[in-house]
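Student: I would like a close look at a single helix in this model, followed outward to whatever surrounds it. Please take it slowly and keep the reasoning explicit.

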Amino acid sequence: MTSTAAAAPASVAKPDGGAAGRPLRGVRRKWTEHGLVFIAPFLLVYALFLVWPLVSGLGMSLTSENITGSGGEFVGLDNYAEAVRDPDVWSSLWNTVWFTVLSTVPLVVVGLVLALLAHQLRVVQWLWRLSWFAPFLLPSGVVCLLFLNMILPSGFGLADQLLATVGLTPEIGWLTDERYAMLSIVATTVWWTVGFNFLLYLAALQAIPAHLYEAAELDGAGTWKRLLHITLPMLRRTTGLVVVLQVLASLKIFDQVYIMTGGGPDESTRPILQYVYQQGFTGYRIGYASAVSYIFFALILTVSLVQPLLSRRRAEEAAK
Amino acid sequence: MSGSATFTTRRAPGSGRSADAGGRRPRWTPGRIALLVVALLLTAAWLLPLAWAVATSLKPEGDTTRTPFSWTGSRVTFDAYSKVWESGDLMVWLMNSAYISVMTTLLTVVTCAMAAYGFTRTDFRGRRLLYGLVLAGIMVPPQVLIAPLFREMVQLGLVDTYWGVILPQVAVPAMVFILVKFFEGVPRELEEAAFVDGAGRWRVFWTIVIPLSRPVLAAVAIFTFISTWNNFLWPFLVTTDPGGMTLPVGLVNVQSTFGVRYAQIMASLVIAGLPLLIVFAFFQRQIVRGIAHTGLAGQ
């Protein structure tokens, strides 16, 4: 298969295929050899565990299948019609979007502020990286159980005890009160993952050419002016990417909610992925769960499609 | 080509230290001291939960709920650690997590590097179409596939097996993309010379291409290892037997059985969180660089 294919593209060979016009037929042939052999292992896993589930999931979403694989009758778009009328789909979609809005803003802003601080200070970089990035390396289970125990036992948890030392005893149900549960999950998430955005911003800051600052300094621009007129504009494309990546990550919220509130109180924090889990894995309606997954996928795709536009602009700017 | 250009700009910061530093030592103006104070306060806030976890884990169980709050119990003790250790499960989960993360990382790096090499350095009919198909996969979040993937695992008999956890995490199109961008920027002369000397494709790949790509392979490996080690959703779905659970899943699974033994909960969290933090302490630079590269280019 490879050998027949090899004959044709030889003439189309890469510009640098036969360097300096030497008629190295053997070398040229080498470049076209065994391509599929190299790609095959990846393709096999990719086809089995990504492409196939993607296709079979779409098929399943058109059936009334349960998790054991039996009872699968073709029901057309019934599952989708049901999902659109299911208030639980809408409420969990809303919770997901609300979490995304609440978490993206602080995750991007705090990430930027931390990076600016670390970059500006230039000393003890290891300390900033350790304290702000290290939490990102902890498993969600560890982070959530830690925060759960910090805030949960009302009156005994670290949060309440620290508030008590300054004379406050608000007796807030951090995870049991609808007004605070989502905010507690957002706070946990910010502590846990802001380090990732911090690192991306730090790398971007370090890539800003020094001569821009030198020129500005010669012109007498102070720290604030340099921040406003050089640093922030230079970070624009990084910010675009960080925002898109963060939105995509936040939309996939599951761990924190599942571990900390189980979706409560009164389903007020349950995200769409948890609803898929409940329908498919505890309710055994895997056909319906697939349909809800695809609705979620449509949401993700819409956001992802914004990204190529951004990265194209990024590439253009980089090429300048 | 634009892609490899981005990669080089990403590479610059690591090699050339801070560009803004300009070589001179910064002066301690009042403004800078104020910044330092703010940064230290934020650092304290970020370290507080970790410090609390460690402090609580070193208290005798009876002192953990005592009010008013104090950082130290009546004495420092490792009781909680030995109790958690003796219960045995934690060790099993740690080994499961280590095995699964190492295998996933190894398979991901090898299959993705081979695929990326195939896409950049060979030619066959349908190559562009296949590559397009792989790139399209970047937009498919694995979380969307849980229902059909689980049914597939049931059919393949892979539920509650290591392979059931590992295989779905191996084919990561974003990693192929990163490596393709890297290979595109590597000049072909070395490989050509080897071909002229009669080396085969396979040998060229392992003895020339792989050693040349060590930094980018390390970045991919680090990224994969961290995300596998910390992955919760998929291992949680595909393992029901406590003996086969990974660390994060096992911990969440038994949280209720701890009851109110805070010292033991915190001791188990410290043990669970420590391995990656230790690795981080040793390889801070590489990890930071790896995350910064794969983080942006890969998504």
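Tutor: What follows begins with one helix of chain B and then widens to the core, the chain contact and the annotated spans.

The model is predicted, and the part chosen here is helix α8 of chain B, which covers residues 173-184. Its 12 residues should span 16 Å at 1.5 Å a residue, because the expected span is 1.5 Å times one less than the number of residues; the end C-alpha atoms are 17 Å apart, which agrees. α8(B) is mostly covered, with 10 of its 12 residues buried. The buried set consists of P173(B), M175(B), V176(B), F177(B), I178(B), L179(B), V180(B), K181(B), F182(B) and F183(B).

Within that set, L179(B) deserves particular attention. Setting aside residues up to four places away in sequence, L179(B) touches C112(B), A113(B), A116(B), V216(B) and V220(B). L179(B) and its partner C112(B) are also the residues with the most contacts inside the largest nonpolar core, which has 149 residues. Helix α9 of chain A, residues 178-206, supplies the largest share of this core, at 15 residues. The core also draws at least three residues from each of domain 1 (2-78) and domain 2 (86-319) of chain A.

For chain B as a whole, the secondary structure comes to 15 helices and 0 strands. Buried residues make up 44% of the 299 residues in this chain. Among its contacts between residues at least 6 apart in sequence, 79% join residues at least 24 apart.

The contact between the chains takes 97 residues from chain B and 95 residues from chain A. On the side of chain B that touches chain A, the largest share comes from helix α2 of chain B (residues 30-57), with 12 residues. By class, that side of chain B has 64 nonpolar, 21 polar and 12 charged residues.

The UniProt record, in an unreviewed entry, places the feature "transmembrane region" at several spans of chain B, including residues 33-55, 162-183 and 262-283. Residues 33-55 of chain B are 100% helix and 0% strand, with end C-alpha atoms 30 Å apart. For residues 262-283 of chain B the figures are 95% helix and 0% strand, and the end C-alpha atoms lie 32 Å apart.

For chain A, the UniProt record, again an unreviewed entry, lists spans for "transmembrane region" that include residues 97-118 and 130-152. In the model, residues 97-118 of chain A are 100% helix and 0% strand, and their end C-alpha atoms are 31 Å apart. Residues 130-152 of chain A are 70% helix and 0% strand, with 27 Å between the end C-alpha atoms.

The domain assignment of chain A gives domain 1 (2-78) and domain 2 (86-319). Their contact takes 10 residues from domain 1 and 10 residues from domain 2 of chain A. On the side of domain 1 that touches domain 2, the residues divide into 3 nonpolar, 6 polar and 1 charged.

A loop residue of chain A completes the picture: P265(A) is found between α13 (255-260) and α14 (272-282) of chain A. P265(A) is partly exposed because 16 other C-beta atoms lie within 10 Å, a count between the limits of 12 or fewer for exposed and 20 or more for buried. Leaving aside neighbours within four places in sequence, P265(A) is in contact with T176(A), E178(A) and A181(A). The C-alpha atoms of P265(A) and V101(A), 164 residues apart along the chain, are separated by 20 Å.

How values were computed:
Residues numbered from 1 in each chain as written. Chains lettered and ligands numbered in written order. Predicted model: local features only at pLDDT ≥ 70, side-chain atom pairs only at ≥ 80, totals over all residues. UniProt positions renumbered as here; feature names shortened; annotations may be inferred. Helix = DSSP H or I, 4+ residues; strand = E, 2+ residues; numbered from the N terminus. Contact = placed C-beta atoms within 7 Å. Core = buried A, V, L, I, M, F, W, Y, C linked by C-beta atoms within 7 Å. Domains from an automatic or database assignment. Nonpolar A, V, L, I, M, F, W, Y, C, P; charged D, E, K, R; others polar.
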